[in-house]
Amino acid sequence: MTRDKEEKRRSVLFINDHADILLEILKRLDGRSLCTAACVCRLWRALATADSVWEHLCLRRIVSPPPSSPGSSVRPVVSALGGYRRLYMLCVRHLLTRLDRDPGGRWRTSSAWDELQLSLSLFCVDYYERLGGRFGDTAATSSLMFLCKPVNV
Amino acid sequence: MGPSSTSHAGTGKLIPPFPPQTQLDGLLAGAGYKVRSSDLHLVAQRLESLESAMVSSPSHVVSHLASDTVHYNPADLVSWVDSLLSELTHSHHHPSNPSSSSSSSSTSPPSRPLPVDLDDLFSVPSDAINWVQSEMPLSQQPPPPPPPPQQLTVVTTMEEDSGIRLVHALMTCAELVQRGDLHLAGALVDEMTALLTSINTECGIGKVAGYFIDALSRRIVGAGSVPAPPHETEILYHHFYETSPYLKFAHFTANQAILEAFEGYDCVHVIDFSLMHGLQWPALIQALALRPGGPPLLRLTGIGPPSPDGRDTLREIGLGLAEVARSVNVRFAFRGVAASRLEDVKPWMLQVNPNEALAVNSIMQLHKLLGPDPTPIESVLSWIRGLNPKIVTLVEQEVNHNQTGFLDRFTEALYYYSTVFDSLEAACQIQPDKALAEMYLQMEICNIVCYEGAARVERHEPLAKWRDRFNRAGFRPLHLGSNAFKQASMLLMLFSTEGYSVEENEGCLRLGWHSRPLIAASAWQASPGPLPLPLPMGADDYWNDD
């Protein structure tokens with residue numbers, strides 16, 4: 001009896017023992033699922049909040065980045081400004097939502113790279129504003145506020 | 001009857017009736033109909049019954065009326081309408097009547113299939129008001145407010161009525177101010193204020209009208225408005241930046257043009273004519289950091305008003321920008337130039353190095369130089385040209401607020417700011433940010449309406465005029481590329497309202513609300529060849545050699 005149980009235990013895959021496979025799976029999720037995954041347990045949280053996963057998410061739609069600006073040169077800039085996870089949550093997410101709402105629209109002429117560039121610009125302005133209450137009482141507000149508003153009915 | 005009997009809510013003022021009661025109504029007389037003022041209400045009643053009869057009549061009768069029309073006696077409007085009515089009610093179909101549309105030919109077209117609103121019927125363009133008033137004896141003739149719809153069914157809501165009346169009253173008041181008739185203008189302002197109570201001042205025409213009424217009353221009283229301290233202006237500007245796309249569009253488009261102009265250069269210098277909080281520059285720094293071949297050395301010279309309380313705000317902004325540049329590994333140097341007016345800036349203060357690529361950036365600043373003679377704009381443009389910049393980015397409001405006639409300026413401003421307020425309403429519902437953004441616009445409105453001469457700095461001019469000026473000053477246009485257009489379109493899409501549009505026109509981009517362009521962005525480069533002749537103002541003292 002115990003030998004059967006032991007055999008069963010050996011054949012069952014316990015995902016937490018295979019962090020690399022888990023990482024590969026997480027890399028393919030969307031933002032919302034990633035956030036959910038981060039609530040599962042400490043290991044999942046550590047993996048799901050790592051910036052490399054979010055970098056993958058942000059750059060996923062870019063089939064081939066222009067050779068002049070490969071992803072590797074973007075990484076230090078994004079890290080300095082707050083990281084890919086923050087970039088996704090503040091900018092990329094909203095951009096993608098709006099795009100999905102209008103799939104055939106005229107802005108479809110832009111590439112995913114252009115979209116990322118726009119997100120980066122907005123992200124940089126946000127970073128600048130956060131740098132240090134230089135705007136007195138307006139430090140609480142943000143130039144990215146317009147992204148978070150609900151759509152007009 | 002005459003349009004003078006009062007029905008204005010809340011005012012105790014009686015406007016004296018037109019003395020001659022048998023006076024022909026001037027407005028309809030202008031269109032060829034002789035109708036006594038005292039008969040106007042009868043005409044309106046009959047027209048209303050005519051229209052309701054037409055609506056309920058079988059269609060073959062009505063179509064006859066519309067197509068076979070002969071107007072036999074235009075002088076006798078009342079009996080003509082009577083005859084029309086009797087035709088319809090008897091269902092005869094021999095028409096001997098004019099088409100119904102000619103009855104309101106002097107008025108706005110009745111596109112609604114409902115009984116005619118009296119205010120529309122007697123809506124008056126400003127020159128018709130002139131005409132009517134010149135007929136009356138000059139002393140104490142009040143402006144003719146629209147006749148009260150007492151005897152008629154008012155189909156439009158009370159608000160739409162009041163809104164239309166308010167716009168008419170505003171125009172009349174502005175016209176009175178232009179003619180110098182301040183006493184009557186003041187009386188009209190009181191009436192308009194009373195009228196405001198009956199409409200919604202939270203949005204739409206009520207809100208804009210409120211600001212314009214306020215500005216007019218300041219002008220009449222002669223109080224002007226207290227200019228806001230620069231610190232406050234910057235806060236309002238910041239809120240305006242956050243709640244609407246105009247400034248973001250300006251910044252991003254200018255940045256894209258500057259980025260493209262700086263390709264291949266290792267030392268670049270940007271001169272910003274109004275630094276404010278420096279919100280434009282982080283994005284450029286980041287874009288330069290990511291450009292192929294690595295970032296250049298970036299120098300930024302920011303011009304701004306001197307800070308009153310001894311803090312060096314320019315330097316603080318510079319430090320913040322330097323921090324951003326340090327984070328993304330861009331070599332950066334900042335210099336602040338404190339000047340309360342742009343014309344006080346001299347080129348030597350900017351310390352331009354002949355080996356670097358220079359960009360001059362002006363977001364809604366150059367129009368302040370269009371003041372009364374001698375206008376500083378020519379000399380400023382010539383010293384800019386003398387610096388030999390690679391690119392000059394210009395963003396200005398696309399409207400003409402620099403006309404000499406007050407009424408024209410007022411009218412343009414009313415329509416322009418109505419559109420801007422509409423767009424702001426749609427783009428942002430978050431208070432108090434929206435209120436602060438509106439205060440920023442209110443400052444502009446006050447400046448346009450209340451001031452004259454050197455104090456009036458908001459002298460917006462449309463792109464066509466700027467093109468002429470720049471061409472004369474030795475610049476030629478630099479087309480904003482498709483990248484700028486794509487970026488602007490994407491940016492607009494992020495604002496969760498339909499209604500904004502970007503259009504490209506001869507290499508310039510214009511952002512508009514529902515196809516009314518509101519703000520225009522363009523770029524210029526120094527045209528090759530000899531520099532334009534020096535102006536006789538000592539401007540040649542300020543030129544750098546190439």
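These are my notebook entries on a few things I looked up in this structure, which is a predicted model.

**Chain A, overall**

I started with the make-up of chain A. I get eight helices and zero strands, so to speak a plain α-α-α-α-α-α-α-α run from the N terminus on. Chain A has 153 residues, and 41% of them count as buried. I also checked how far apart in sequence the contacting residues sit. Among contacts in chain A with a separation of 6 or more, 65% are between residues 24 or more positions apart.

**Chain A, confidence**

Next I pulled the pLDDT values. Chain A has a mean of 79, with 74% of its residues at 70 or more. Which helix does worst? Confidence in chain A is lowest in α1 (residues 2-11), where the mean is 69. At the other end, α4 (residues 42-48) of chain A is highest, at 92. I flagged residues 136-140 of chain A too, since pLDDT stays under 50 there. For that stretch the model has five contacts beyond four places in sequence.

**Chain B, helix α9**

I moved to chain B and picked α9, which covers residues 182-196. This helix has 15 residues and spans 21 Å from first C-alpha to last. That is close to the 21 Å expected at 1.5 Å a residue. I then listed which residues of α9(B) are buried: B:A185, B:L188, B:V189, B:M192, B:A194, B:L195 and B:L196.

**Chain B, B:H251**

Buried or exposed? I asked this of B:H251, which sits in helix α12 (residues 245-261) of chain B. B:H251 counts as buried because its relative accessible area is 3%, under the 20% cut-off. I skipped neighbours within four places in sequence and noted the contacts left for B:H251: B:Y237, B:Y241, B:L279, B:Q280 and B:I363.

**Cavities**

Then I went through the voids. The structure has eleven cavities of 30 Å³ or more, and I looked into the second largest, which holds about 110 Å³ of space. What lines the second largest cavity? I find B:F240, B:Y246, B:M364, B:Q397, B:Y416, B:V420, B:Y440, B:L441, B:E444, B:L518 and B:I519. The elements giving two or more residues to this lining are α16 (406-427), α17 (433-450) and β9 (516-526) of chain B. Of the contributors, α17(B) gives the most, with three residues. Sorted by class, I have nine nonpolar, one polar and one charged residues in the lining of the second largest cavity.

How values were computed. Residues are numbered from 1 along each chain as its sequence is written. Chains are lettered from A and ligands numbered from 1 in the order in which they are written. This is a predicted model: local features need pLDDT of at least 70, side-chain atom pairs count only at pLDDT 80 or more; totals for chains, interfaces and linings use all residues. Side-chain values use heavy atoms; hydrogens and water are left out. Helices (H or I, at least four residues) and strands (E, at least two) are DSSP runs, numbered from the N terminus. The expected span of a helix is 1.5 Å times one less than its number of residues. Buried means under 20% relative accessible area, exposed over 50%, partly exposed in between (1.4 Å probe, protein chains only). On a 1 Å grid over the protein atoms alone, a cavity is a set of points where a 1.4 Å probe fits but cannot get out, and a pocket is an open set with protein on both sides within 12 Å along at least five of seven lines; lining residues have an atom within 4 Å of a point. Grid points are joined across faces, edges and corners, and a volume is the space filled by probe spheres set on the points. Ala, Val, Leu, Ile, Met, Phe, Trp, Tyr, Cys and Pro count as nonpolar, Asp, Glu, Lys and Arg as charged, and the others, Gly among them, as polar. Contact means heavy atoms within 4.5 Å. pLDDT is the predictor's confidence in each residue, from 0 to 100.
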